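Thank you all for coming. I would like to walk through one chain this morning, slowly, and I will explain each term as it comes up.

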Amino acid sequence: MAKKVTGYCKKCKRDIELDDCREVAAERNKKLFSGTCPECGTKIMLEVDKIKSRNY
Ligand SMILES: [Zn+2]
């Protein structure tokens, strides 16, 4: 199951549920989510830490 991650699309200027979300490794053991805006197709990268803090 794909995770449902909401991110801010700069093009649409609002938070949106991302398509094609996957975790990608970044520098310093950081993890990022990479997703695509379903409305305009813009690629959106999110820090996993920020997603977690938003959910709590
Ligand atoms: Zn968008």
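Of the 56 residues in this chain, 12% count as buried, where buried means that 20 or more other C-beta atoms lie within 10 Å of the residue's own, exposed means 12 or fewer, partly exposed is in between, and the C-beta atoms are placed from the backbone. I should say at once that this is a predicted model, in which local features need pLDDT of at least 70 and side-chain atom pairs count only at pLDDT 80 or more, while totals for chains, interfaces and linings use all residues. Residues are numbered from 1 along each chain as its sequence is written.

The pLDDT, which is the predictor's confidence in each residue on a scale from 0 to 100, has a mean of 84 over the chain, and 82% of the residues reach 70 or more.

Let us turn to the secondary structure, where helices (H or I, at least four residues) and strands (E, at least two) are DSSP runs numbered from the N terminus. The chain has one helix and five strands, and their order along the sequence is β-β-β-β-β-α. Among these elements, strand β2, residues 14–17, has the highest mean pLDDT, at 94, whereas helix α1, residues 48–55, has the lowest, at 65.

How are the strands arranged? Two strands pair if DSSP finds at least two bridges between them. Strand β1, residues 6–9, is joined to β2 by four bridges, and the two run antiparallel; one of the partnerships is that of C9 with R14 in β2. Four residues lie between the strands of this hairpin, and K13 takes a positive phi near 60° there.

An open sheet is formed by three strands in the order β3-β4-β5, with antiparallel pairing. Its edge strands, each pairing on one side only, are β3 (19–25) and β5 (43–47). Five bridges join β3 to β4, residues 31–36, and A25 stands opposite K31 in β4.

Finally, which residues make up the largest nonpolar core? There are five of them, C9, I16, L18, C37 and I44, and such a core is a set of buried Ala, Val, Leu, Ile, Met, Phe, Trp, Tyr and Cys residues joined through C-beta atoms within 7 Å. As for I16, if we leave aside its neighbours within four places in sequence, it is in contact with T6, G7, C9, C37, P38 and E39, contact meaning that the two C-beta atoms, placed from the backbone, lie within 7 Å.
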